Amino acid sequence: MKRDGADRHVGSARTLRRPELAPGPLRDLKDLVHQSYLAAGSPTLDQMAASIAEDESLSAAPSRDTIQRIITSSDVPPRQADVCALVTVLARWAGVPKEQSGQAAQRVAELWAEAKLQRPLGQPIRDLTNPLDLEVHRAIDGSGFDGEQLPLLPAYVERPHDVLLRGVVDDAVAGASRIVMLVGQSSTGKTRACWEAVQQLPDSWRVWHPIDPERPRAALAELPRVGPHTVIWLNEAQHYLLNPRDGAGEEIAAGLRELLRSRHRGPVLVLGTIWPEYRALLMTEPQPQERDPHAQTRELLAGQEIAVPARFDSAALRDLSVKAAVDPRLAIAQRRAEGGGITQYLAGAPELLDRYRTAPTGARALLDAAMDARRLGHVLSLPQSFLAAAAEAYVEDPEWDLLPEDWLEQAVAYCARPVRGARGALTRIRPRAGQAVQPQETGYRLADYLEQHGQRVRRALPVPAGFWSAALAFSGAASAARLGQAAHQRGLYHTGFLLQKRAAEAGDAGAVRGIAEMLIGRGQMEEATAWYEQAAAAGDAEALRWAVVYRGQGGRVDDALPWFERAAERGEAVALRWAANMLDLAGRVDDALGWFERATEAGDFDAPRWAANMLDREGRTHEALDWYERAARTGDKEAVRWAADIQIKQGKLDQAVAWHQQAAASGDARVLLRTAELLARAGKIDDALHWYERAHHAGERNAARKAADLLHGQKRIDEALAWYERVGSEDLGLSEAARMLQSEGRIREALAWYERAHHAGERNAARKAADLLHGQKRIDEALAWYERAADSGEHFALNEAGRMLEGEGRMEDAQIVFQRLLELQEKFSAAWSPPPAGGDALLHAARAETERASGNLDDALALFQRAADAGRTDALRQAAAHLANAGRLEEALVWFQRAADAGEIDALIEAALFLHWAGRVDDALAWYRRAAFVGDARALIAAGEVLAACGRSDEGERLTRYGWEPDGSISVKWSASAPTRSPST
């Protein structure tokens, strides 16, 4: 072969692709090999194999298949010599001098050795023998049963969610990367279900549980290293994903999304657990114009959740009975757990609650402080110094004087004592070998079940002033930022600022931004801008955007542009678009176009669409279409739709359809539906139906319904029926067909379609048929349909039946129906605990309103109380409002307080309103303050308005601007100034 590199062996049928790998020595090795391969002209496998074989100076002669694996496989090559030989030959082909080719081979040898020695993340499945290491709850010990040695965990009872979870694991074993999030309350068996699921995985899999030095940082640091056959264990996923201030949660979510779609890093399996309330925070979409702190997380979790019920169903209870014969812990739970709450009992939940309720004064104060700290945002580890200082605020003076000198030691010992072998109420976090710790501070963890209990029962209780003093003195940076946010929400603006500032001074850039957002809410733009600039100087790209936005709003557009330049130089291509947007807002459209152009050239694929939108708004339609065309070439489907909208506004329907056709050809199925709607609005009904047909076949669920509705509007009833049938029972298509026939007066046919819908399992079909017959005065037929609805699970249909019979004067029949409804609800409540807030609760509330409307308010009050006792706590607020409207304000205040104690926080602000209307200003202010202190952000603004309305405008203005102090007094003026940094800093 030629050794001087003059002839390159070119002619590969196709260029071999480099594998996608996580950062590390293996990726560096594969990158170097692939770069050598490209520099040599992408020779064929046969050429490379033959040339290596001809060179007797090389110590290896890999085959063509081995060479292909060296270049394209994501695995470490088995033999170092094979890789060195390949790179040596490729370097020569590329014309690299002999000395440098030797250096390349040496570097390859080093990288191969590092890749071989690199330890993959996590533990092998076969080495996982202790489920407690993965935070599975320890179960009650079941002692007293013949002294037999029991396994660490009770026998497992499979439930419906386990079947779904097993399907996800099977997909992963088959080679697909998957994620699943188990959603359920504390101690419902989520983590145990994940533990059982991973037992199905082959021994080649590993489990990675990122916790050290703390969860979000551990996940962020090592996520790029995750390789194939890895389980990512995200127990209590809120600790990873719910970090809106510092953005870590979104970075983790984005990293997981990228990992899941990488073909070369999979298969991986992400297993997570989360409480419903945290899931709701993550999945709730923000209001328009609000910052979206969880966009990546919503995309990550959409459609990937499995609900874990709090109670065992009848099938699981039957299986439990069988397994209880061999596991005494299950036998205990079967006898003593209430309402199917088996997992909660096994985790010691009832005894934890008993221990909390009967705790001595010091221990109770410690637990109350811990509950409030966790519900207000403190991190999992609660420092002893903080708990000790905060607990003092939960003890009244007479009790405090009676506490022994060693009250804290006694309280800690009481709280830490295990509950039937399970974790105690408040236990010390014992660091494992190798974990990063702060030896000067002991951290404690509140039991999950008590944490959730605290969120429920302490929701309407104010936090004592001493709690905030302890937070200011002893909370760490991460907790200070979150507690500061909670303080601000409660109208404690100064305390909130000091806590956020504490976190900011510790290097929390998210806290710096939090201070700025707080100041924006109070109208302090100049101070807020200074804090945004400080966060931007620390590298917070989002803060940089807002810093310059507020500079721009202050008329300082040219001052803001250097900040955008600085961000762009750091690699934030989107900063160029932000600058363009700001110039656009300032009316400098042509200047904005220049910045949009720069953003596009820097790789910001959204910039062309933004430029086009601006030009369209300015009436420069032809230019806008040119920019939309540029956006479409980058794959921007939204741009295609916007361009079509321009054509529609100009009355150019055919051109609009052509743009939609282009979007459809690029794989955008949604545009098929939009085109159909466009044609329908233009009166081109048959053309619209053609596009609805295409959309339906492309999987657009709404297409069939919209086509049916269109045909209904055109009075093409029989065609509409065919389309409603295509909608399917899952989307209530048969019921919709019946409703259409009912509206057309075709009652007999409508009933036939309701019959079909009911048999197909469409919810509410039977009740709708009953309502139809009721309206036709066919009472006995309607009654039969109401009973069918009740038999299929719509118990409250019997309430409608009872009211119908009452209206017909058939009081005895009505009473029989109402009695049956109560019996059904009692039966349902016996199977499920707590009972649903429906059925008898709704019945009592409805009857209460009837009594009130009849002038029998005192009788109504008893029914409102029964409704509240059955789970409908808002009935207490309703009763209070009726009393207040009847002029019985003192009685109303008692009911408002009871409602607040039951968790109805709105009751506090409603009571304040009635007191204000009654002219009792100071009393109203006290209730507003109480509402604010439990988290109702509306209360402070309302209190300020009350003060202004009664001539105390100075107090009102001071309250609105500076907030309350924890002792309830209005804060004096305080400053939130921050050092100003220049863009060059």
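**Checking the labels**

Modeller: The charged end of arginine 726 sits over the ring of tryptophan 723, 4.2 Å from its centre.

Biologist: What makes arginine 726 count as sitting over the ring of tryptophan 723?

Modeller: The rule wants NZ of Lys or CZ of Arg within 6 Å of the ring centre and within 35 degrees of the ring normal. At 4.2 Å, arginine 726 is inside the distance limit. Arginine 788 lies over the face of tryptophan 785, again at 4.2 Å from the ring centre. A caution: this is a predicted model, where local features need pLDDT of at least 70 and side-chain atom pairs pLDDT 80 or more, while totals for chains, interfaces and linings use all residues. Numbering starts from 1 along each chain as its sequence is written, and side-chain values use heavy atoms, with hydrogens and water left out.

Biologist: How many aromatic pairs are there?

Modeller: There are 9. A pair needs ring centres (Phe, Tyr, or the six-membered ring of Trp) within 6.5 Å; planes under 30 degrees apart are stacked, over 60 edge-to-face, the rest tilted. Phe386, Phe467 and Trp468 form one aromatic cluster.

Biologist: Which residues share a cavity lining with Trp468?

Modeller: Val463, Ala465, Arg490, Leu492, Phe933 and Pro966 line the largest cavity along with Trp468. Its volume is about 40 Å³. A cavity is a set of points on a 1 Å grid over the protein atoms alone where a 1.4 Å probe fits but cannot get out, and lining residues have an atom within 4 Å of a point. Points join across faces, edges and corners, and the volume is the space filled by probe spheres set on them. By this rule, the count is 1 cavity of 30 Å³ or more.

Biologist: Why is alanine 487 called buried?

Modeller: Buried means under 20% relative accessible area, exposed over 50%, partly exposed in between (1.4 Å probe, protein chains only). Alanine 487 has 0%, so it is buried. Its place is in helix H23 (residues 477–489); helices are DSSP runs of H or I with at least four residues, strands are E runs of at least two, and both are numbered from the N terminus. Contact means heavy atoms within 4.5 Å. Beyond its neighbours within four places in sequence, alanine 487 is in contact with Trp468, Leu492, Thr495, Gly496 and Leu499. Alanine 487 and leucine 499 are 12 residues apart in sequence and 8.6 Å apart in space, C-alpha to C-alpha.

Biologist: Is glutamate 305 buried, partly exposed or exposed, and why?

Modeller: Partly exposed, because its relative accessible area is 26%. Glutamate 305 lies in strand S6 (residues 305–307). Its C-alpha is 5.6 Å from that of valine 180, 125 residues away in sequence.

Biologist: What is the verdict on isoleucine 232, and why?

Modeller: At 1%, isoleucine 232 is under the cut-off and therefore buried. Isoleucine 232 is in strand S4 (residues 230–234). Its partners more than four places away in sequence include Trp208, Leu223, Leu256 and Leu271.

Biologist: How do you know that the length of helix H51 agrees with what it should span?

Modeller: The expected span is 1.5 Å times one less than the number of residues. For the 12 residues of H51 (residues 938–949) that gives 16 Å; the end C-alpha atoms are 17 Å apart, so the two agree. Ala939, Leu940, Ala942, Ala943, Gly944, Val946 and Leu947 of H51 are buried. Their cover includes helices H24 (493–505), H49 (906–917), H50 (921–933) and H52 (953–962). Just after H51, glycine 951 takes a positive phi of about 85°.

Biologist: What makes glutamate 135 stand out in phi?

Modeller: Most residues other than glycine have a negative phi, and most peptide bonds are trans. Glutamate 135 has a positive phi of about 70° although it is not a glycine. At 18%, glutamate 135 counts as buried. Serine 187 has a positive phi of about 60° and is not a glycine either; at 7% it is buried. Serine 187 lies in the loop between strand S2 (178–183) and helix H7 (190–198).

Biologist: What makes the bond from glycine 266 to proline 267 cis?

Modeller: Its omega is near 5°. Proline 267 lies in the loop between helix H10 (248–261) and strand S5 (268–274).

Biologist: How many helices and strands does the protein have?

Modeller: It has 52 helices and 9 strands. Buried residues make up 51% of its 985 residues.

Notes. On a 1 Å grid over the protein atoms alone, a cavity is a set of points where a 1.4 Å probe fits but cannot get out, and a pocket is an open set with protein on both sides within 12 Å along at least five of seven lines; lining residues have an atom within 4 Å of a point.
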